[in-house]
Amino acid sequence: MRDLYAGYAGETAGGLGWDVGLVYYTYPGADDIDDYPELYGGVTYKWLELKQWYSNDLGGTDQDGWYTEANGTFELPAGLGLGVHVGYNYGDAFDKTEYMDYSIGVTYT
């Protein structure tokens, strides 16, 4: 698998960040999945990130797919950090398999 991507990001003087882009997923030599594009857009502010993903041809199925995610990062004492994530897949490509994912993790710097 090779992912090709391009994007543009910035931040306001008040700390509101944004990021938009395109990822093109390629699967050289794979017969069971086609290459496909996915657009994304997101905003960040302090510890919170919200991001929306969309493909009009998810996995080469000619069906749309959406993924909405929220992420939080928090500094803890002693070089530790806490990361939380929740996401949700939906759209025509997920009619029978819509699902939510989540994670909680600790990091050390």
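The largest nonpolar core in this predicted model has 9 residues, namely Val23, Tyr25, Tyr27, Tyr36, Tyr40, Trp53, Leu58, Tyr67 and Phe94. Strand 2 and strand 3 are each a source of at least two residues of this core. Tyr36 offers a convenient way into the neighbourhood. Setting aside residues within four places in sequence, Tyr36 is in contact with the core members Val23, Tyr25, Tyr27 and Leu58. The contacts of Tyr36 also take in Tyr24, Ser55, Asp57, Gly59 and Gly60.

Asp57, one of the residues that Tyr36 touches, belongs to the loop between strand 4 and strand 5. Is Asp57 buried or exposed? Its relative accessibility is 17%, and because the limit for a buried residue is under 20%, Asp57 counts as buried. Beyond four places in sequence, Asp57 has contacts with Asp35, Tyr36, Asp62 and Gln63. A polar atom of the Asp57 side chain also lies 3.2 Å from the backbone nitrogen of Thr61. Asp34 can be placed relative to this loop residue as well: 23 residues separate Asp34 and Asp57 along the chain, and their C-alpha atoms are 9.3 Å apart.

The strands around these residues can now be put in order. The model has an open sheet of 7 strands, arranged 1-2-3-4-5-6-7 with antiparallel pairing. Strand 1 (2-11) and strand 7 (99-108) are the edge strands; each has a single partner strand, so one side of each is without a neighbour in the sheet. From one strand to the next, the twist averages 15°.

Within the sheet, the pairings can be followed strand by strand. Strand 2, which covers residues 16-26, runs antiparallel to strand 3 and is joined to it by 10 bridges. In this pair, Leu16 stands opposite Tyr45 of strand 3, and Asp19 has Gly42 of strand 3 as its bridge partner. Strand 3 in turn pairs with strand 4 in the antiparallel sense, here over 7 bridges. Gly41 is one of the residues in this pairing, and its bridge partner in strand 4 is Gln52.

Gln52 also leads onward to strand 5, where its bridge partner is Thr68. The antiparallel pairing of strand 4 with strand 5 extends over 8 bridges. Thr68 then stands opposite Tyr88 in strand 6, and strand 5 and strand 6 are paired, again antiparallel, over 10 bridges. A path of bridge partners can thus be traced on the structure from Gly41 to Gln52, from Gln52 to Thr68 and from Thr68 to Tyr88.

Two of the hairpins invite a look at the backbone. Most residues other than glycine have a negative phi. Where, then, does a positive phi of about 55° occur in the hairpin of strand 3 and strand 4? This hairpin has 2 residues between its strands, and the residue in question is Lys46, in the turn. Lys46 sits in the loop between strand 3 (36-45) and strand 4 (48-55). Lys46 is exposed, with a relative accessibility of 68%.

The hairpin of strand 5 and strand 6 has 4 residues between the strands, and there Ala78 takes a positive phi near 65°. Ala78 is located in the loop between strand 5 (65-75) and strand 6 (80-90). With 65% relative accessibility, Ala78 counts as exposed.

Thr73 rounds off the picture of strand 5, where this residue has its place. Thr73 has a relative accessible area of 54%, and because the limit for an exposed residue is over 50%, Thr73 counts as exposed. Which residues does Thr73 contact, leaving aside neighbours within four places in sequence? They are Trp47 and Leu82. Trp47 is 26 residues away from Thr73 in sequence, yet the C-alpha atoms of the two are 5.2 Å apart in space.

Technical notes: Residues numbered from 1 in each chain as written. Predicted model: local features only at pLDDT ≥ 70, side-chain atom pairs only at ≥ 80, totals over all residues. Heavy atoms only, no water. Buried < 20%, exposed > 50% of the residue type's maximum accessible area, 1.4 Å probe, protein only. Pairing = 2+ DSSP bridges. Axes fitted to C-alpha atoms, helices over the stretch in contact; angles between N-to-C directions. Contact = heavy atoms within 4.5 Å. Core = buried A, V, L, I, M, F, W, Y, C linked by side-chain atoms within 4.5 Å. Polar contact = N/O pair within 3.5 Å; in protein donor to acceptor, adjacent residues only side chain to side chain.
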